[in-house]
Number of protein chains: 2
Amino acid sequence: MSVESLSALDRSTLRERSLEALRAAILSGRYRPGDHLGEVELAGSLGVSRGTVREALRHLQQEGLVTAGTRGMLRVNSLTPAEVHELFRVRAALEALAVREVVASPRREAAAAALRAAVEQLTDEAEPAARMEADLAFHLQLCRLSGNSMLVEAWQRLEGRMRVAILDGADRQAPMMARERHVPIVEAIERGDAEAAVRVVDAHMSDAAEHFAAPSRPA
Amino acid sequence: MSVESLSALDRSTLRERSLEALRAAILSGRYRPGDHLGEVELAGSLGVSRGTVREALRHLQQEGLVTAGTRGMLRVNSLTPAEVHELFRVRAALEALAVREVVASPRREAAAAALRAAVEQLTDEAEPAARMEADLAFHLQLCRLSGNSMLVEAWQRLEGRMRVAILDGADRQAPMMARERHVPIVEAIERGDAEAAVRVVDAHMSDAAEHFAAPSRPA
DNA sequence: CCGCTGTCGACTGTCGCCAGTCCACACCAG
DNA sequence: CTGGTGTGGACTGGCGACAGTCGACAGCGG
């Protein structure tokens, strides 16, 4: 029943490690959408007390990976196709702001270079999880380069939900993560053509929503 | 030292009541930015245990009203002028998406009517706090009418920070909350002119950022 | 007078426990 | 056989206490 033993080697708090372990367990599919996450069971699995698990669960709840059911019980959350579409539209709005700010920034040259580097990490051969990481890293980098901390935070709050949506439709994720999909964004930024970049991002997000909204696990 | 006694009359949990009380205490200025929020002190003030206060504080931390300082201690957060600008730019992006979706919605007529009603709540005479509430209610309503739940959630995550920013510059908030500032948005939506509505929202947010970014409380 | 050190205090991290509540299931009366 | 009932189990809500850690301050040596 053990999720994964918490190595007590690093200096972070138990709460942080538990949070990380829980998030990884959910994202890895160890717990499926709808599964009940009992505090006592998790406390036993993680080797920590209930209170510690509680805080981690509350955090995941705010992240949207976990939702409250009957009697305050928490279950692994899943997204409806409609929610996936909504999610990607919000993401598109945020990233559109990001590209506009990057283009308008005096550090546009350096930003474009950094994005070039991030795009190179999008390998076409790695396993799905690694591809997703590289893809998310690119988009997060894009937000970071805008220099807008509030934007970064808002984007990161969507990240958990995006991961579940992407992993749910992992069978068809390959084309979305391709390097060719991201290069045009960087090129438009390099040209200083914000509107073109926004259009590319919008189209990219729209396609992605279409791909990942398909209910692959009827559960 | 008592923040405010929690009436044990309603049916909500202690955690929720504590959270509400704490948020109100911070937003009301009972605690100033930078103030240390001790778990034991708050527990005593609220008449609940430390664990309960802890969870409420963690929630406020994610809301951005509270930030972690040395040794995990939590302090009331404040926003730099730059952050206020960033905040309103993100908000503008989200509300622009909202108006686009409202205009594109088949329920546009009904939505416009609901916004008309919300605009009427923007009285020019009430006290600052009430004006802010009406203003935020209008904008939240706008997001809700988009029917995009992810958008609503993203917006609400900014709400706490917006409140602190607005209250910090409450001395000059009056013009921003005026009804005339919001009527054009509704009118553009009624006309079905999404781009015009977006421009109005953008301008509104830009002005607001300018107003509320002024450091009024040098602390 | 200045710097180092040891001790004290305060605060958070974490834990185990008790209480309240809801659900499921067995049981019994009709 | 069916419906109401009661009882047991499981789960979360909430609490008090212990332990670890860091900062402040007084005291001592140079």
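This report looks at a predicted model, first where chain B meets chain A and then around DNA strand D.

## Where the chains meet

Chain B gives 25 residues to the contact, and chain A gives 25 residues. The size of an interface is often given as the accessible area lost when the parts come together. Here, about 2,400 Å² is buried between chain B and chain A. Carbon and sulfur atoms give 49% of that area. On chain B, three residues supply 29% of the area it buries against chain A: Gln62(B), Met150(B) and Arg157(B). No other three residues supply more.

## Charges and helices at the interface

The interface of chain B and chain A holds 8 salt bridges. A salt bridge joins the side chains of Glu153(A) and Arg161(B), at 2.8 Å from N to O. There are also 16 residue pairs in polar contact across the interface.

On the side of chain B that touches chain A, helices H3 (50-63), H4 (81-104) and H7 (149-168) of chain B each give two or more residues. H4(B) gives the most, with 9 residues. By class, this side has 9 nonpolar, 5 polar and 11 charged residues.

## Around DNA strand D

There are 18 residues around DNA strand D. Among those that come nearest are Arg50(A), Ser49(B) and Arg71(B). Sugar and phosphate make up 65% of the strand's atoms that come within 4 Å of the protein. The surface near the strand has 5 nonpolar, 5 polar and 8 charged residues. H3(A) brings the largest share, 3 residues.

Some contacts reach phosphate oxygens of DNA strand D. A backbone N or O atom of Leu14(B) lies 2.5 Å from one. For a polar backbone atom of Glu39(A), the distance is 3.1 Å. Arg54(A) uses a polar side-chain atom, at 3.3 Å.

How values were computed. Residues are numbered from 1 along each chain as its sequence is written. Chains are lettered from A and ligands numbered from 1 in the order in which they are written. This is a predicted model: local features need pLDDT of at least 70, side-chain atom pairs count only at pLDDT 80 or more; totals for chains, interfaces and linings use all residues. Side-chain values use heavy atoms; hydrogens and water are left out. Contact means heavy atoms within 4.5 Å. Buried area is the accessible area (1.4 Å probe) that two parts lose on being put together, summed over both. A salt bridge is a side-chain nitrogen of Lys or Arg within 4 Å of a carboxyl oxygen of Asp or Glu. A polar contact is a pair of N or O atoms within 3.5 Å; within protein, one must be able to donate a hydrogen and the other to accept it, and residues adjacent in sequence count only if both atoms are side-chain atoms. Helices (H or I, at least four residues) and strands (E, at least two) are DSSP runs, numbered from the N terminus. Ala, Val, Leu, Ile, Met, Phe, Trp, Tyr, Cys and Pro count as nonpolar, Asp, Glu, Lys and Arg as charged, and the others, Gly among them, as polar. A residue is near a molecule or strand if one of its heavy atoms lies within 4 Å of it.
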